[in-house]
Amino acid sequence: MEKVNILWADDEIELLKPHILFLKEKGYNVNTVNNGDEAVDLFKTQDFDLVFLDENMPGMSGLETLQELKSLRAEVPIIMITKSEEEHIMEEAIGSKIADYLIKPVNPNQILLSIKKNLDNKRIISEKTTSAYQQEFRNIGMTLSDNLSYEEWVDIYKKLVYWEMELQSSDNEGMEEILKMQKEEANDRFSDFIEENYLDWLSGEAKEKPFLSHTLFKNCIAPEITKNESTFFILIDNLRFDQWKMIQPLITELYKIESEEIFYGILPTATHYARNALFAGLMPSEIEKLYPKLWVSEEEEGGKNMHEEALMAEQLKRLHMNIKFSYNKITNLAAGKKLADNLKNLMTNKMNIIVYNFVDMLSHARTDMEVIRELANEEPAYRSLTLSWFEHSPLFDIIKKAAEFKAPIVIATDHGTIRVKEPSQVVGDKNTTTNLRYKQGKNLRYEAKDVFEISDPAKAFLPRVNVSTRYIFAKGDKFFAYPNNYNYYVNFYRNTFQHGGVSMEECLIPLIKLSPK
């Protein structure tokens, strides 16, 4: 490993010789000067990894030297050392983005700790993270062979997401690959779990079952609405749990997390089915039967989620909740800004529903636009893009305004999305649906090992176009491809983010309850 070069500026540098010898024995190169002007001159001609800077020097002061050094190379960490504990000096130094602040007299171990914290921090954390995941890898591996409950699958997924986000900053590509393989194995087992249990959850035969899309409002959201004067229910379309964890730090500056739960999205994990089910409090075939004018079938033209407000109104009637509520669907920047500006006018409503569509549009743009493919070519980049969008979005402005009004918030989603990698051939007639993760049709031919098949849609409470209609759902990271133009199709869609099938990313989705600070 190359030696670390340190610049130390102090007008009493002779008194610091024991400290400097100590650092040299530890393998560091230390260059010393006794004033700010010399520090700046040396900084211009040599590369330094870190600077120790005395705050109180004759001539150019420590704070003035700090500004000069930062203007030359802002990325170099500068550690301010001072005799003074005056608050305004600390604040000015911190405002100038110092890396650390030490009060004289300092001992050699303090100096060493500060160096390690600023230069070796990433390496030490990476090594600790890698070591910790190696232990967790064994634990998760053993757990995957068990007969897991739906709660245990939630725990497994949360752990995998946690380590995925930890390892992405560790620069250990080997461990990241191992985690990817473990996640793929987990998704294979999870797909089998859904295949074995999903229909039993819907039929009522299962002794225990999770909250699903169509039961979520009644059981988890309505109680929050009832106990508060005015609550915001924000549905962020296509929000995965890892994306929630990315935006969480921004939100927790404004709100306390009362609960962070994961519920199960219904199949297909697609907006048409899962979101309508959430707003209606009913499964898709039940909506079609009870409210035929509010259900748009696959073969019909036009949007499939145009009646969410009406479906929610009907659900509230069935729940005997005679409340005033608003509904806003945001699909562009202007509409988001307008809603943020008018938020005060919503505070007389018992419930304010906001459907925000950006994340779903991002995943589709990731497929269709080359520039977005480049920006979000890996999972960490996709998460980072979500965070960047949210930080500068009208949605964040809306949440800030809601915090000012002390309004509680419930955040949920309709489904997640998975980065698909492996094609699976399927053949169907011209009426077969086009989604890459599920197909509805008749006379479907496919690779049985790659799919969860529902031959009787009634058992899954799914609409049936004709007596031969069946549904198939892609498992894990598979995506459906037709034999015609197979290579072009596969190359275009591989590594894009899709939804509608069976995976932890699509099915295990966040429900967050927030109370204002």
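Biologist: Which exposed residues does the face of α13 carry where it is turned away from the buried side of the helix?

Modeller: On that face, α13 carries the exposed residues Ala 334, Lys 338 and Asp 341. Please keep in mind throughout that this is a predicted model.

Biologist: And which residues of helix α13 are the buried ones?

Modeller: In helix α13, which spans residues 333–341, the buried residues are Gly 336, Leu 339 and Ala 340. Because these residues cover an arc of only 100° around the axis, they are on the same side of α13.

Biologist: What covers the buried residues of α13?

Modeller: The cover includes two strands, β8 (325–330) and β9 (351–356), together with the helix α17 (394–404).

Biologist: Let me turn to charged side chains; what is the general idea, and how many salt bridges does a search of the whole structure find?

Modeller: Side chains of opposite charge can pair when their charged atoms come close. Here, a search of the whole structure finds 31 salt bridges. One of them joins the side chains of Lys 183 and Glu 505, with an N to O distance of 3.4 Å. This pair links distant parts of the chain, since Lys 183 belongs to helix α7 (residues 173–203) and Glu 505 to helix α19 (residues 504–507), 322 residues apart.

Biologist: Are Lys 183 and Glu 505 buried or exposed?

Modeller: Both Lys 183 and Glu 505 are buried. For Lys 183 the relative accessibility is 9%, and it counts as buried because the cut-off is under 20%.

Biologist: Which residues is Lys 183 in contact with, leaving aside its neighbours within four places in sequence?

Modeller: With those neighbours left aside, Lys 183 is in contact with Leu 160, Glu 164, Met 504 and Glu 505. Two residues of that list, Glu 164 and Glu 505, also appear with Lys 183 in a network of salt bridges, whose other members are Arg 240, Asp 242, Glu 379 and Arg 383.

Biologist: Within that network, how far apart are the closest N and O atoms of Asp 242 and Arg 240?

Modeller: Asp 242 forms a salt bridge with Arg 240 in which the closest N and O atoms are 2.8 Å apart. Asp 242 is buried, with a relative accessible area of 2%, and Arg 240 is buried as well, with a relative accessible area of 1%.

Biologist: What can be said of the salt bridge in which the side chains of Asp 414 and Arg 275 meet?

Modeller: The side chains of Asp 414 and Arg 275 meet at 3.6 Å, taken from N to O. This pair, too, links distant parts of the chain: Asp 414 is in the loop between β10 (409–412) and β11 (418–419), whereas Arg 275 is in helix α10 (residues 271–280), and they are 139 residues apart. Asp 414 counts as buried at 0% relative accessibility, and Arg 275 counts as buried at 2%.

Biologist: Stepping back to the whole protein, how many helices and strands does it have, and what percentage of its residues is buried?

Modeller: The protein has 19 helices and 19 strands, and of its 517 residues, 53% are buried. Among the contacts with a separation of 6 or more, 74% are between residues 24 or more positions apart.

Biologist: And what does the protein expose?

Modeller: About 24,100 Å² is exposed, of which carbon and sulfur atoms supply 49%. As for charge, the mean positions of the 62 positive and 81 negative charges are 6 Å apart, while the C-alpha atoms fill a box of roughly 90 × 55 × 45 Å along the principal axes.

Terms used
Residues numbered from 1 in each chain as written. Predicted model: local features only at pLDDT ≥ 70, side-chain atom pairs only at ≥ 80, totals over all residues. Heavy atoms only, no water. Salt bridge = Lys/Arg side-chain N within 4 Å of Asp/Glu carboxyl O. Helix = DSSP H or I, 4+ residues; strand = E, 2+ residues; numbered from the N terminus. Buried < 20%, exposed > 50% of the residue type's maximum accessible area, 1.4 Å probe, protein only. Contact = heavy atoms within 4.5 Å. Areas by Shrake-Rupley, 256 points an atom, 1.4 Å probe, with all protein chains shown as cover. Lys, Arg positive; Asp, Glu negative; His and termini not counted. Charge placed at Lys NZ, Arg CZ, Asp CG, Glu CD. Arc of directions from axis to C-beta.
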